[in-house]
Amino acid sequence: MTSTTKTECPVCGPAATSAVGVCHEQPVVACTQCGLLFVGECQTVEDTEEFFRSEHVDSEELTAMHYVTFRKDSLEREAAVIQRLYPEGGRLLDVGTASGYFLREFADVSGWEPVGVEPSAVSTRFARQEFGLDVREGYLQEQQFAAESFDVVTSLDAFNCHREPNEDLAEIHRVLKPGGTFAIEIPGQSYRMLTGSGPLCRLLFGCSLRLNAGVNFYFYTTQALVTMAQRAGFVLQDAYPESTPVQGRLVSRLAKSAYFTATSLLYRLTGGRVHYAPKEYLIFRKPAAAKPAWQQAPAEPRAAA
Ligand SMILES: [Zn+2]
């Protein structure tokens, strides 16, 4: 029998929890302090990491379908946001690179130096061979990147797979230059609960909770993620609604597209307060370090000779 480990709320620490349900035979709980949903007990961090290295993605065809075909529209929009922020380019690190399609958007653009980190051996090989990218196989903290060595760090629909989210936010903060940008795409929690729980979920999928537990561990609200990022030293700059992967039959794709258009409009009109979009793209900044006092003081005017 594989050993399991108890998890705790990444916002509140060891607070009490209440049972919400079971998904993929794993208990989903809610923090009684902040309401965050997460998998309450799961396999060890080492076993999870091994799963993502060797099992989660088991073929290059799967990588191409799920992380290029289904995702390319979102990834192109997200790359364009970064390129507008940095017209001169910069050093970019994508954590959880998957197919590499996002980094490919930077590969041949003057001034950009894209680097990826990806635990899956299959996806790493795909990104290197298909797009000729510099992708390091493994996990962020294993890479030991130099402090303050990236202008931009991105995490696109990957962060809910991280078992140690606060430690990883701290590492992202460490490797970013002062004034640098951290851009993260997370699933929209209202959309996820709308389609992944309750009557609609039972009707569509025949189960009461569909959160892909065991691949996802924490089901962040915007508020929870922003709180954690602020504690790590980031400041929220901007936010955009994003779409679900474009897949399925034509009718289903058209319905999803109409839903995204409507929820995007609502999101933009309310400044993100009414958020039923499938995903959200949050742009954080690492504040530029305060200059030491001797740099801030105006220079003494020199006496005329
Ligand atoms: Zn909590």
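User: What makes residues of H7 count as buried, and which ones are they?

Analyst: The buried residues of H7 are Pro165, Leu169, Glu171, Ile172 and Val175. Buried is a neighbour count: 20 or more other C-beta atoms, placed from the backbone, lie within 10 Å of the residue's own (12 or fewer is exposed, anything in between partly exposed). H7 itself is a DSSP run, as helices are H or I runs of at least four residues and strands are E runs of at least two, numbered from the N terminus. One caveat: this is a predicted model, where local features need pLDDT of at least 70 and side-chain atom pairs count only at pLDDT 80 or more, while totals for chains, interfaces and linings use all residues. Residues are numbered from 1 along each chain as its sequence is written.

User: How do you know that the buried residues of H7 line one face?

Analyst: Looking down the axis of H7, they fall within an arc of 160°, so they line one face of the helix. The arc is that of the directions from the helix axis to the C-beta atoms.

User: And what covers the buried residues of H7?

Analyst: The cover includes S6, helix H6 (140–143), S9, S10, S11 and helix H10 (222–231). Contact here puts the C-beta atoms, placed from the backbone, within 7 Å.

User: Why is S9 called mostly covered?

Analyst: Seven of the seven residues in S9 (residues 150–156) are buried.

User: What makes S9 and S10 a pair?

Analyst: Pairing takes at least two DSSP bridges between the strands. S9 and S10 (residues 176–187) have six, in the parallel sense, so they qualify. In S10, alanine 183 is the bridge partner of threonine 154. From S9 the chain crosses through H7 (residues 165–175) to S10 in a right-handed β-α-β crossover. Right-handed is the call if, with the strands pointing away from the viewer, the path from the first strand over the helix to the second runs clockwise.

User: Which sense does the pairing of S6 with S9 have?

Analyst: Parallel: S6 (residues 90–95) and S9 share three bridges, and aspartate 94 stands opposite threonine 154.

User: Why is the protein called as compact as a globular protein of its length?

Analyst: Its radius of gyration is 21 Å, close to the 19 Å that the globule rule gives for 305 residues, so the description fits. The radius is taken over C-alpha atoms, and the rule is 2.2 Å times the number of residues to the power 0.38.

Definitions and conventions: Contact = placed C-beta atoms within 7 Å.
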